[in-house]
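I opened the notebook to record what I looked up in this structure. The entries follow the order in which I checked things.

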Amino acid sequence: MSLLAAAVPAVGGVPVKLFPFGEYWWFYLGFLALVGVLLALDLGVFHRHAHTVSIKEASLWSVVWVTLALGFNYGLYRYLLYRLPHDHHLTVIPGFDPAATAWTVALQFLAGYVVEYSLSIDNIFVFVVVLNYFKIPSEYQHRVLFFGILGALVFRAIFITIGAALIQYNWVVILFGVFLIFTGIRMMLAKEEGVEPDENAAIRLFKKRMPVTSELHGQKFFVNIDGKKHATPLFIAVLFLEMTDIVFAVDSVPAIFALTSEPLIVFTSNIFAILGLRNLYFMLRGAIDKFHLLKYGLGIVLIFVGCKMTFLGRFFEGGHVPIELSLGVILGVIILSIVASLVFPQGPHDKDVPPLPMPFGHQAMTHDVHKPAGKKKEKKN
């Protein structure tokens, strides 16, 4: 059973790759260069000085990132409309339809983007708890999330590369599908649990190798105290977010491979969703507990894509679930769970756990607030 939509041809039962790395390495490099420029502008220009990101600013940036993703999708669609009719490896295949293939790929990107963006909302619960745990002031939270997401981009690239190599084997496809079904069920049934960063094995190992200050030192990740380098809680927060993203990647990357087996589509849709995650956090951090039914929607989406990878295809012509149907189900379930959360808010009788605390540091704070009062000499890095 091919993971690709019917518009993408197969020869001898083997799906034809639209974007073989040997021919499209320049596309990957160009895309990474674009992401690098966007991140440099984000941190070096628009967020050069630490400040509290308001809901209005986060909303505007969210619109920017979503617009960039949709613009990229449209540009990819137009490129395929031009390129595919001139690809002699594809045009010789009987029944190949360049226009239908371009449209399918565009929908695959959109579906992958929606899935990853929706699953990212689950990350925000962790962001709120972790940043509160380390008492990171709101003006420094963008810096923590920026470097956390920078590391996430690297981990996603690694996971996608591994997934692209494994997805060629049918038993791996079935295994991924079963895993997603199990993850979806677990997500819906799991009770809310606290996050204890100090119990994380990687954090404990790091603290054995390098001392960590008990207070912040402005935006610094490291400081020299009495000639010895110390990490600050700001760096520990970034490190913990990197560890949690590995867990989230295990769920989200297979979910997008259920929609397309093209690594380029998986990679670009995944990266665009991650780039918009910080601003989504700043928009929703104070109201994230209001979306109490979203976990059921996300669980249903994971179960659906898991079923799509395992057995749903055999009920449709060509052995695959149409991408239009997949996109409709994903969007419908996510929107319905969000609307239902707002229409049926949690009451006191529903809450087994207290609501998430408001993000730390909304009040105006200076860099000197967290400086130690002792006489230890500190040297800036």
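**Entry 1: the core.** I am working from a predicted model. I began with the largest nonpolar core, which has 111 residues. The residues with the most contacts inside this core are Phe19, Ile136, Val144, Phe272, Leu275 and Tyr281. I then looked up which element gives the most to this core, and found helix 4, residues 98-133, with 18 residues.

I took Phe19 from that list and noted its contacts, leaving out residues up to four places away in sequence. Phe19 touches Tyr24, Leu76, Leu80, Val105, Glu262, Leu264 and Ile265.

**Entry 2: the whole chain.** I counted twelve helices and five strands in the protein chain. The chain has 381 residues, and 51% of them count as buried. The exposed area is about 18600 Å², with carbon and sulfur atoms supplying 67% of it. I also checked contacts with a separation of 6 or more: 81% of them join residues 24 or more positions apart.

**Entry 3: helix 4.** I returned to helix 4 for its geometry. Helix 4 has 36 residues and reaches 52 Å from its first C-alpha to its last, close to the 52 Å expected at 1.5 Å a residue. I nevertheless logged a kink of about 30 degrees, centred on Asp122. Helix 4 is mostly covered, with 28 of its 36 residues buried.

I looked at both ends. At the start of helix 4, a side-chain oxygen of Asp97 comes to within 3.2 Å of the backbone nitrogen of Ala99. Lys135 follows helix 4 and has a positive phi, near 55 degrees.

**Entry 4: Ala106.** I picked one residue in helix 4, Ala106. Is Ala106 buried or exposed? Ala106 counts as buried because its relative accessibility is 9%, and the cut-off for buried is under 20%. Not counting residues up to four places away in sequence, Ala106 touches Asn73 and Tyr77. I also noted the C-alpha to C-alpha distance from Ala106 to Phe72, which is 9.8 Å across 34 residues of sequence.

**Entry 5: helix 8.** I made the same checks on helix 8, residues 233-257. Helix 8 has 25 residues and reaches 36 Å from its first C-alpha to its last, close to the 36 Å expected at 1.5 Å a residue. I found a kink of about 35 degrees in helix 8, centred on Ala249. Helix 8 is mostly covered: 21 of its 25 residues are buried.

**Entry 6: Lys220.** I located Lys220 in the loop between helix 7 (201-209) and strand 3. Lys220 counts as partly exposed because its relative accessibility is 28%, and that class runs between the 20% and 50% limits. I checked Lys220 against Thr232, twelve residues apart along the chain, and their C-alpha atoms are separated by 7.2 Å.

**Entry 7: Asp226.** I ended with the loop between strand 3 (222-225) and strand 4 (228-231), where Asp226 lies. What is the phi of Asp226? The phi of Asp226 is near 55 degrees, a positive value in a residue other than glycine. I noted this since most residues other than glycine have a negative phi. Asp226 counts as exposed because its relative accessible area is 56%, and exposed means over 50%.

Definitions and conventions
Residues numbered from 1 in each chain as written. Predicted model: local features only at pLDDT ≥ 70, side-chain atom pairs only at ≥ 80, totals over all residues. Heavy atoms only, no water. Helix = DSSP H or I, 4+ residues; strand = E, 2+ residues; numbered from the N terminus. Buried < 20%, exposed > 50% of the residue type's maximum accessible area, 1.4 Å probe, protein only. Core = buried A, V, L, I, M, F, W, Y, C linked by side-chain atoms within 4.5 Å. Contact = heavy atoms within 4.5 Å. Areas by Shrake-Rupley, 256 points an atom, 1.4 Å probe, with all protein chains shown as cover. Expected span 1.5 Å × (residues − 1). Bend = angle between axes of the 7 residues up to and from the residue. Polar contact = N/O pair within 3.5 Å; in protein donor to acceptor, adjacent residues only side chain to side chain.
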